[in-house]
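Subject: Structure handover

Hello,

Here is the structure I promised to pass on. Please open it beside this email and follow along.

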Amino acid sequence: MSEELTNAVTALQNVTNKHEQLNAQYQGTHDALAGNTQAMTDWQTQSGTVELTDQNGNKHTTPTLKSLVAQAQSVNPHPDVMSKAQFEALCQMRKQQYAGSGFVEWGKHNSGHPNINEGLWQYVAAGAENSLTLGDIEQNTYTGTSRSFNPIVVIDGVQHVVAYVGRPNTQNRPTFPPAPDGTKTYDSATGTVTQHSNAEVAFASETDTNKVITSRKDLVFLESWHEKIADKDVVFPLGNVQYGVSSYEGITLLNNLVAQGYSAFGEWDQNTKGYGVKWSTLSDEHKAVFLGEPEHNIYFDPKAKAYIQVRYRIRVIEGHGDNWPDAVSASKGISSMVYNQNTPVKPRAKLETSDDFGDFSEGYFLQKNHSYNQSNTEVGEFIGGTSQGLLTYLAHEGSVFAIPIALVQRLNQGAYHPTYNPMGVCGFATTSNPDSQLHCTQWYQNVVTQPTSTVDCFDVDISRVPFGGENWGSIQFGWSGRPDQYKYHDAIYAGQVEDLRLNANKLDVNQLREDMMRKSVSGELRGKEKLLFTKFKTLHQGYLAGSNTANAIFKDSSGVSLNFYDNGFPMYTPVMVWQPSTNTVLYGQISSSNSHIMLTGSPSNLGKSGHIIPTTLGMNMSDVCYFAEVWALSSEFDSLPWVDIIGSPENIVAKFPDGVVGQWVPVTPDGSGARFNLNRKVMSAETDLAVYWDGTSWLTSTNAVNLDLVQNSVAHPALFATNNVVLYFYESGAGFTTAANNSGIVGEQGSVWYGSSYQTYFGNRLQPSLTGKVATSNKSGPDTNAFGYMNLARYVLNESNLPRDPSISSIYASWMSPVLNMSVPTNNSSAVKATYSVIEKNGLLYLQFHGAELKHNGTDWGDDQTIPIISRENTKTDLNGNTVKVFCHHTQLPIGIAYNH
């Protein structure tokens, strides 16, 4: 074969080989493409994995689309819900928007029932026992400035719609434990509460520190916390674990998905159950309802790979007595929410138990500046924590907070008696049916056995208290042994409530100042005061014999120093001293030196060691003085169930040797029909009851003592006879200011208000609060001026906005008001003038008053036109030589939250 032919055959063979290689490569690619096509079909339609082949023939196992979707959904099945970052950014925005944590909207209140303040009201009716109401419903007759029917709160930047708490509508009705029944004791040394089998056993167990609870305050607050939905596999509408409706937007809810304690108002509550729905049973459509509506407060935490719901409950803590400290105020303070040093309120958050109190090691609620609070919390809120940090075992990332709502003063279920049980509501067995539990009478009527101790007022054989199915003193029975406005043990009246809610909104401080001053003058601002208890003794009169700056000495008519210690007045006994001839009333305590008393003119000095020389307060050394042991009961009210005691000290001690609730009117009755000026301003004539001893028996008189609401006095020649002892019951508004240190003002200084009008809504709640004197002038008509405002002529502040005058340093000028243009008063009424401003204490705002009492001498008011700048209280001499009170007072309760303007 020629070389050419050989080459041609070789070339042809090479072409054939190449062709065969191309065919093989094509077939492999075709097979790979066919396999990948099927795999792509399976990837789109099947679960699990598929195998894909690359151009090099390498095999790759890949999850299918369904598997990838399932995997994504296991992380965040609804990507449209807020992420944690988005939720926190929204919270941060609200923290910038509001002054702190508190109420953004108060909610409406019912116009047919007394309200405490905006959005918080009393409802005394069967079916609503032991409860308060927040908010109202559109179907009712409502009122209020709120833009929403229900409250809206913000707490640590989270906004909660507070509605349907224990109710099937936008109202919220937290319930309270039953009133004390005399069977529990509290040991203040250990913090231990003991439930006894009956009152007799409880009283028998009393020691110096272990006492029967016969009066208490219950604390109400809102608790908010972050919780994984998966922890309980339950979601709650609005995050409200006390939700009171069985459906939400067509979704059926159940109230048996969690332990009852999770929804309970307190450890005493065995009934409240919140409605929710099992999360894992919801369709995607129904899940979207909760995830897509921001009021349910749900967000996704990618780190935890879980949905978080911010939840809330209203808690009602059964107090161990009346003496809650100021630590229940959510200020910038350094304290914690405790009843005393042994009993912190326990954060509950996601726990399904309902303990009210716990141990410090378990966690407790901290104020903003508490040393253990390392978080940047807001004014207005408490945060749960311990010395070890946040409570991560209770809430997601330890986020659990509280904002206060109210303190509620409770009465008790025992029989009312003015000596042995002033907080009772029931009565006693009556002589007409001595063995019947169905018959009852008041203490001053025909009782089988007069009580001689407090335990008698709870003894079912002596008293008629809730026992054997007969619920005496209740709303249901409609009968009460109390003589005042508080009738039933299972009712909560507006006057028993101290409103702790804070306005979270940033307020124009100058507008706030004027709004709050208007409420001060009209008597709308709320306060709290205690009832007095007076115990005259055999030794009850003497004469001022001298005084130094530490205490005053008293002697008898022969000049012999009085022996207080051996006559029922041991060292430090709280006392009041009256000198009727000079109309002087002083307050203090027996000194550490026998025969001596430490006294001032301020009621706040009762039982304390302040002293001002009595002659500078109006007392002389020639006229008789009377004195008694007087102390304040622990209970507090905004509307006081006040009692004035009328009679001679000798007759009073004979009828009430163990003392009696009330304050003595220092005039001895003589049957002449003379008027008796009452100790406090009468708020209304509805409670106008006199219970009196006529020398033979106890009698009553209703609306028959010639009450004069202008003069604030009573008169009746027969009732106020020489040997009678009278207890006069009436309603009086508590003071709402308290003596305080001069503080730097926020915003601008206010003007000057003055007044002497007898009408409460023209300043006759403010004036007694500032001076302790009731105004009685009824000047009216053209060219009369019993109250009004005038601009300050001059005021001086230092660089810290602290009010200053020459009493501080000679470099400062006096604060001056214009010439006083107030009419000559009727009834020799006293008056007051005061300038007002807003101040800040621990992040909260209060009104501050500087001013002076005014006295008219028939010609003029003796006003020197100055406004003294002092701290707390003192006296000065006016231009007519009268001793008048001067003061610096603050409102008892805050009026807002401070913020950087």
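First, a definition: a cavity is a set of grid points where a 1.4 Å probe fits but cannot get out, and its lining residues have an atom within 4 Å of a point. Please keep in mind that this is a predicted model.

**The cavities**

Rolling a probe the size of a water molecule over the atoms shows where empty space is left. The structure holds 2 cavities of 30 Å³ or more.

Start with the second largest. Its volume is about 40 Å³. Which residues line the second largest cavity? They are A852, E853, L854, W861, G862, D863, D864, K876, D878 and V884. By type, the lining splits into 4 nonpolar, 1 polar and 5 charged residues. Strand β48, residues 844-854, gives the most to this lining, with 3 residues. Remember β48, as this strand comes back below.

Now the largest cavity. About 70 Å³ of space lies in it. The lining has 13 residues, and the closest to the centre are Q496, V497, E498, K528 and E636. Three strands each supply at least two lining residues: β24 (400-410), β27 (497-499) and β34 (625-637). Which strand supplies the largest share of this lining? It is β24, with 3 residues. The lining of the largest cavity divides into 4 nonpolar, 4 polar and 5 charged residues.

**Strand β47 and its partners**

Next, find K833. This residue lies in strand β47, residues 831-841. Is K833 buried or exposed? Its relative accessibility is 1%, so K833 counts as buried; the cut-off for buried is under 20%. The strand around K833 is mostly covered too: 9 of the 11 residues of β47 are buried.

Strands of a sheet pair through backbone hydrogen bonds, either parallel or antiparallel. Take the partners of β47 in turn.

- β48 pairs with β47 in the antiparallel sense, over 11 bridges. Here K833 stands opposite A852, and A852 is one of the residues that line the second largest cavity.
- β45 (residues 752-755) runs antiparallel to β47, and 4 bridges join the two. In this pairing, Y754 stands opposite K833.
- β44 (residues 745-746) is antiparallel to β47 as well, over 2 bridges. V746 has V838 as its bridge partner in β47.

So much for the pairing. What do β47 and β48 form together? They form a hairpin, with 2 residues between the strands. In the turn, N842 has a positive phi of about 50°.

One distance to try in your viewer: K833 to S335. The two are 498 residues apart in sequence, and their C-alpha atoms are 36 Å apart in space.

**A three-stranded sheet**

Go back to lower residue numbers. An open sheet of 3 strands has the order β5-β6-β7, and its pairing is antiparallel. Which strands sit at the edges? β5 (115-117) and β7 (133-134) do, as each pairs on one side only. β5 and β6 (residues 120-121) pair over 2 bridges, in the antiparallel sense. Look for N117, which stands opposite L120 in β6.

**Aromatic rings**

The structure holds 39 aromatic pairs. Take F564 and F569 as one example. Their ring centres are 5.8 Å apart and their planes meet at 70°, so this pair is edge-to-face; an angle over 60 degrees earns that label. Are these two residues buried or exposed? F564 has 0% relative accessibility, so it counts as buried. F569 also has 0%, so F569 counts as buried.

Some rings join into a cluster. Ring pairs link W443, Y444, F656, W693 and W698.

**Charges over rings**

Finish with two arginines. R313 lies over the face of Y262, at 5.2 Å from the ring centre. R501 lies over the face of F103, at 5.6 Å from the ring centre.

That is the tour. Over to you.

Best wishes

Notes:
Residues numbered from 1 in each chain as written. Predicted model: local features only at pLDDT ≥ 70, side-chain atom pairs only at ≥ 80, totals over all residues. Heavy atoms only, no water. Phe/Tyr/Trp six-rings, centres within 6.5 Å; stacked < 30°, edge-to-face > 60°. Buried < 20%, exposed > 50% of the residue type's maximum accessible area, 1.4 Å probe, protein only. Lys NZ or Arg CZ within 6 Å of the ring centre and 35° of its normal. Pairing = 2+ DSSP bridges. 1 Å grid on protein atoms, 1.4 Å probe; cavity = no way out; pocket = protein on both sides within 12 Å on 5 of 7 lines; lining within 4 Å. Points joined across faces, edges and corners; volume = space filled by probe spheres on them. Nonpolar A, V, L, I, M, F, W, Y, C, P; charged D, E, K, R; others polar.
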